[in-house]
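Reader: I would like to learn how to read a model of this kind, feature by feature, with the cut-offs stated as we go. Could we take the general idea each time, and then the case at hand?

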Amino acid sequence: MEKPDLDKIIVYAEHKKGHLDPSCAELVGKAKELSVKYDDNVVIGAVVLGYEISEVVKDLSQTGVDYIWYTDHPKLTRYNSEYYALALEEAVRFIAPELILIAATSQGSELAPTVGARLKTGVAAHCVDIVADDNGQIVNIVPALGGKFLTEIKIPDVRPMISTVKPSVFVKKDVPANSNVQTVRIESKALDSYESRIWFVAESVKEENEKPIEEANVILCAGMGIVDEENWRKLNELAARLKCAVGYTRPVIDLGVVNNDHNMIGTSGKTIRPQLYVGFGVSGASHHICGMKDSQIILCINSDENADIFRLSDYKVIADCGAILDAMLELTGGLNG
Amino acid sequence: MLNIAVCIKAVPDEECYNIIKFDPVMKTLIREGISMVINPSDLHALELALCLKEKLGGEITLISMGPMTVTTQLRECLSYGADEAYLMSDCIFGGSDTLATSYVLSKGLRHIGNFDLVLAGNESADGATSHVPSQLGEWLGYPHVMEVCALNIVDEKIAAVRKKADNYFVDYTVKLPAVFAVSRGMNKVRYPSIRGILSSKGKEIKVLTAESIPDLDISMIGLQGSPTKTGQLITSSFHRDCMLLDGSNEEIASAILGMIRPVIDD
Ligand SMILES: Cc1cc2nc3c(=O)[nH]c(=O)nc-3n(C[C@H](O)[C@H](O)[C@H](O)COP(=O)(O)OP(=O)(O)OC[C@H]3O[C@@H](n4cnc5c(N)ncnc54)[C@H](O)[C@@H]3O)c2cc1C
Ligand SMILES: Nc1ncnc2c1ncn2[C@@H]1O[C@H](COP(=O)(O)O)[C@@H](O)[C@H]1O
């Protein structure tokens with residue numbers, strides 16, 4: 001079989017308040033990796049949408065991309081799914097890439113299927129890997145049944161192919177900047193004449209956690225074995241003393257001890273790869289494992305010696321996690337101190 | 001009076017995930033003994049529809065694409081208080097990816113009537129792509145919003161919604177008709193009443209086949225209408241050699257702290 005053409009890969013570059021999203025570098029890294037398979041004859045581009053975004057375009061030129069296509073338009077001042085889908089569709093039709101990589105952030109998760117439907121093409125969701133097979137076909141590896149299985153998705157006949165990837169799934173690589181980046185502005189006629197049916201009203205202030213959980217070196221993760229509010233409070237106290245981050249499994253949210261799901265770990269939450277993950281009463285359900293399996297060291301405390309999580313752990317403690325928490329607090333300045 | 005459609009999908013019961021086995025020779029799932037349930041987030045969409053109907057009056061129509069066995073899940077949804085249910089079932093729908101599925105659903109909805117609101121779950125528990133709601137919106141030509149965690153009807157033509165976006169919230173007003181994907185956190189799902197259960201038994205679940213819909217483009221559905229092709233299942237074999245940390249609670253705590261301290265963030 002002849003090698004299918006792969007001339008252009010583009011990354012959708014998301015940005016907020018003048019800053020490129022970290023996912024952008026992760027996706028460019030993956031695009032570079034793929035391009036090697038095609039003897040480096042692949043143009044790696046980025047598409048960026050917004051209003052007055054010259055700074056973002058400049059930052060983007062340092063990420064290692066060869067091309068930047070951008071649409072700068074007042075209607076793109078803030079994210080609006082209709083305007084953004086319109087502009088992205090327009091850019092994609094103009095650029096005609098074979099593959100589009102989009103971060104599965106809130107914005108990307110909406111844009112990818114929308115643009116996919118407009119272009120009548122396929123979208124592979126939440127890829128954990130994207131590889132080129134021996135025939136040069138792009139193969140997306142995606143979780144199936146909550147991550148218990150993985151499956152391959154190919155888009156053999158329609159172009160462009162679209163793949164979405166959750167933030168932090170790919171490790172950021174240092175791609176040297178291309179000193180000869182081409183920057184192309186796309187003038188959008190479609191935006192001029194289109195009036196959205198979705199109107200922005202207000203935005204809540206983003207909770208500025210000291211640091212996103214994805215960047216923490218040590219994560220203490222609460223599972224349902226935490227049992228009650230008392231242990232939850234202790235875990236947070238310990239984390240504060242040791243300056244580690246706190247994550248949790250999904251059912252912990254139903255306990256009512258957390259009022260958001262920002263630090264939930266797993267398929268419907270965050271993907272983390274800290275140096276050390278410490279699980280307190282986590283059973284090891286596939287949905288959760290999916291988000292933490294790449295942690296460097298996994299240590300888990302569970303009262304059930306047959307807990308599934310132990311199969312994925314480097315260290316296990318078979319004990320009541322409340323008692324271990326108490327002992328840890330005692331050694332770090334006393335139970336109440 | 002609101003005309004509300006709710007998209008319902010039947011999925012393998014989450015409780016069965018850990019017993020689902022994989023046939024390494026055939027590279028398929030052994031589905032034996034796996035019970036099907038209503039996709040959890042679809043129940044939150046249905047709950048929203050029920051609340052809106054109680055407040056403003058209206059009709060709730062359920063729609064699902066799937067095998068004939070899904071009548072069981074649709075009947076269960078009827079027992080919560082939905083008015084009508086349509087099952088789009090035809091062997092040529094089989095193998096549809098999200099683009100083809102949303103196309104079939106859009107054709108079904110157009111065929112059934114006019115809706116002010118089309119509600120869906122934010123993700124299906126098995127595929128979990130979160131593609132169908134947006135793509136359904138595109139086929140219908142309606143605006144669509146994912147991750148909706150609050151919704152009010154402002155007047156007949158406009159809904160006010162709150163969307164959970166990464167780690168903050170955004171409020172929008174949206175022109176109706178529109179498609180909204182409801183996230184789990186929006187509401188608590190009620191239990192069906194005895195009366196609901198009894199009255200659902202007598203209700204007819206209308207089946208739509210490809211032939212029921214005159215302008216269905218066959219090239220857009222099933223395997224041939226699906227740009228994505230699913231390959232073999234791969235078992236994700238995560239395994240590490242595990243060492244037991246033993247001793248008194250204090251000894252264990254000190255060992256754990258000994259691992260944490262060298263790597264904590266500065
Ligand atoms: C579509 C979908 C998406 C999902 N997404 C996610 C996701 O992103 N993230 C996620 O985490 N989950 C997710 N889930 C839920 C997931 O399937 C599991 O239900 C969940 O991960 C289990 O959480 P857990 O381990 O905390 O609780 P459980 O499974 O209840 O386990 C509790 C564990 O604690 C142990 N234990 C109990 N008491 C003690 C004690 N005193 N001391 C020590 N150990 C004790 C028990 O032995 C048990 O192993 C999802 C589910 C669905 C259907
Ligand atoms: N076959 C189907 N029939 C009816 N509704 C569906 C179907 N597939 C997906 N949906 C709806 O789309 C939502 C998101 O599903 P998905 O895009 O598969 O994650 C689900 O919660 C359902 O409301």
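Reader: Which residues does B:Leu62 touch, not counting residues up to four places away in sequence?

Author: Contact means heavy atoms within 4.5 Å. On that basis, and not counting residues up to four places away in sequence, B:Leu62 touches B:Val6, B:Ile8, B:Leu46, B:Leu74, B:Cys77, B:Leu78, B:Ala82, B:Glu84, B:Ala85 and B:Tyr86. Please bear in mind that this is a predicted model, in which local features need pLDDT of at least 70 and side-chain atom pairs count only at pLDDT 80 or more, while totals for chains, interfaces and linings use all residues. Residues are numbered from 1 along each chain as its sequence is written, chains are lettered from A and ligands numbered from 1 in the order in which they are written, and side-chain values use heavy atoms, with hydrogens and water left out.

Reader: Which residues touch the most other members of the largest nonpolar core?

Author: A nonpolar core is a set of buried Ala, Val, Leu, Ile, Met, Phe, Trp, Tyr and Cys residues joined through side-chain atoms within 4.5 Å, where buried means under 20% relative accessible area, exposed over 50%, and partly exposed in between, with a 1.4 Å probe and protein chains only. The largest such core has 69 residues, of which A:Leu88, B:Val6, B:Leu46, B:Leu62, B:Leu151 and B:Phe180 touch the most other members. Helix α3 (residues 81-95) of chain A gives the largest share of this core, nine residues; helices (H or I, at least four residues) and strands (E, at least two) are DSSP runs, numbered from the N terminus.

Reader: How should I read the surroundings of a ligand, and which residues come nearest to ligand 2?

Author: A residue is near a molecule or strand if one of its heavy atoms lies within 4 Å of it. Around ligand 2 there are 21 residues, of which B:Cys7, B:Asp42, B:Ser124, B:Ser130 and B:Val132 come nearest. For polar contacts, one looks for a pair of N or O atoms within 3.5 Å; within protein, one must be able to donate a hydrogen and the other to accept it, and residues adjacent in sequence count only if both atoms are side-chain atoms. Oxygen atoms of ligand 2 take part in several such pairs: a side-chain N or O atom of B:Asp42 is 2.4 Å from one, a polar side-chain atom of B:Thr129 lies 3.1 Å from one, and a polar backbone atom of B:His131 is 2.9 Å from one. The protein covers 97% of the 480 Å² of accessible area that ligand 2 has on its own, areas being taken from the Shrake-Rupley method with a 1.4 Å probe and, for residues, with only the protein chains shown counting as cover. The largest share of the shell around ligand 2, three residues, comes from β6(B).

Reader: Why is the site of ligand 1 shared between chains?

Author: The site is shared because residues from chains A and B surround ligand 1. Of the 26 residues around this ligand, A:Met224, A:Thr249, A:Ser268, A:Ser283 and A:Asp320 come nearest. A polar side-chain atom of A:Thr249 is 2.6 Å from an oxygen atom of ligand 1, and an N or O atom in the side chain of A:Ser268 is 2.5 Å from a nitrogen atom of the ligand. In addition, a side-chain N or O atom of A:His288 lies 3.1 Å from an oxygen atom of ligand 1. Of the 980 Å² of accessible area that ligand 1 has on its own, the protein covers 81%.

Reader: Is B:Ser41 buried or exposed?

Author: B:Ser41 counts as buried, because its relative accessibility is 1%. This residue lies in helix α1 of chain B, and a polar atom of its side chain lies 2.8 Å from the backbone oxygen of B:Glu123.

Reader: Where is a cis peptide bond or a positive phi to be found?

Author: Most residues other than glycine have a negative phi, and most peptide bonds are trans. Here a cis peptide bond joins B:Leu176 and B:Pro177, with omega about 0°, and the bond from A:Arg159 to A:Pro160 is also cis, with omega near 0°. A:Val227, although not a glycine, has a positive phi of about 65°; its place is in the loop between β14 (218-222) and α6 (229-242) of chain A.
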